[in-house]
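Biologist: Mind walking me through this model? I'd like to start with how far to trust it and then get into the packing.

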Amino acid sequence: MNKPNPFLSPNLLEQKNKAHARLKMAVFFSLSIGVVCLMAMLIQGCRKPQETTDQNAETNNPVMPTMDNTNPPTMDTNPPPMVSNVPPPMVENIAPPTPSTQEYAIVKGDTFSSIAKHYGVTIKAIQDANPNVDPKKLKIGQKILVPAPTPGVNAAPSAVSAPMISATTGGEETY
């Protein structure tokens, strides 16, 4: 099956093979030159720029720009202030606002009413400040917000005194 073509001379076949080999070499060299050029451009683009400042220049003695002093001096064009007999407005001393709420961590035996007594606020105020907290399911370490005391409630916690029984109903005592 590998019979040479009788119409082609052996010199033509050799010339054809040499042309293919030269073409392959030309393509290979063209591609390799392109790759080398691309690599050189990438390396050049990725290089850190060199410092352009002179290392011998002193940095403590900057050159002061010369100033043009040929301009005439400026004159004050504002009119003099008017003196009047009206005293300046009085500024009232405003007390700094007291914090509106403070955070409190529940300890053993705490209830909303005991916390309200201790901080001088109402139970309703604590419930309003903590709408997502169930007063019957307080957990030790749980943090709640205690609002600032209102003027209508005793703001200072009272000293420890003997509890007074105000009413008894069905075996329960209310202190």
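Biologist: In which element of the protein chain is confidence lowest, and in which is it highest?

Modeller: This is a predicted model, so local features need pLDDT of at least 70 and side-chain atom pairs count only at pLDDT 80 or more, while totals for chains, interfaces and linings use all residues. Residues are numbered from 1 along each chain as its sequence is written, and side-chain values use heavy atoms, with hydrogens and water left out. pLDDT is the predictor's confidence in each residue, from 0 to 100. Strand β3 (residues 167-169) is at the bottom with a mean of 52, and the top mean, 91, belongs to α3.

Biologist: Over which residues is the pLDDT below 50?

Modeller: The chain has a mean pLDDT of 75, with 57% of its residues at 70 or more. Where pLDDT is low, the predicted coordinates should not be read in detail. The stretch below 50 has 16 contacts in the model beyond near neighbours in sequence (contact means heavy atoms within 4.5 Å), and it covers residues 153-166.

Biologist: In what order do the elements run from the N terminus?

Modeller: Helices (H or I, at least four residues) and strands (E, at least two) are DSSP runs, numbered from the N terminus. The protein chain has three helices and four strands. Their order is α-β-α-α-β-β-β.

Biologist: Which residues of helix α2 are buried?

Modeller: Buried means under 20% relative accessible area, exposed over 50%, partly exposed in between (1.4 Å probe, protein chains only). Helix α2 spans residues 112-119, and the cover over its buried residues includes β1 (101-105), α3 and β2. The buried ones are F112, I115 and A116.

Biologist: Why do the buried residues of α2 line one face of the helix?

Modeller: An α-helix has 3.6 residues a turn, so residues three or four places apart point the same way. Here we take the directions from the helix axis to the C-beta atoms and look at their arc. Down the axis of α2, the buried residues line one face because they fall within an arc of 100°.

Biologist: Which element gives the largest share of the largest nonpolar core?

Modeller: A nonpolar core is a set of buried Ala, Val, Leu, Ile, Met, Phe, Trp, Tyr and Cys residues joined through side-chain atoms within 4.5 Å. The largest one has ten residues: Y104, I106, F112, I115, A116, V121, I126, V133, I144 and V146. At least two residues come from each of α2 and β2. The largest share, three residues, is from α2.

Biologist: How are the rings of Y104 and Y119 arranged?

Modeller: Rings of Phe, Tyr and Trp (its six-membered ring) pair if their centres lie within 6.5 Å; planes under 30 degrees apart count as stacked, over 60 as edge-to-face and the rest as tilted. That rule gives two aromatic pairs. With centres 5.7 Å apart and planes at 75°, the rings of Y104 and Y119 are edge-to-face. This pair links distant parts of the chain, Y104 being in strand β1 and Y119 in helix α2, 15 residues apart.

Biologist: Is N130 buried or exposed?

Modeller: N130 sits in the loop between α3 (123-129) and β2 (143-147). Not counting residues up to four places away in sequence, N130 touches I144 and L145. A polar atom of the N130 side chain also lies 3.0 Å from the backbone oxygen of I126. Its relative accessibility is 8%, so N130 counts as buried.

Notes. A polar contact is a pair of N or O atoms within 3.5 Å; within protein, one must be able to donate a hydrogen and the other to accept it, and residues adjacent in sequence count only if both atoms are side-chain atoms.
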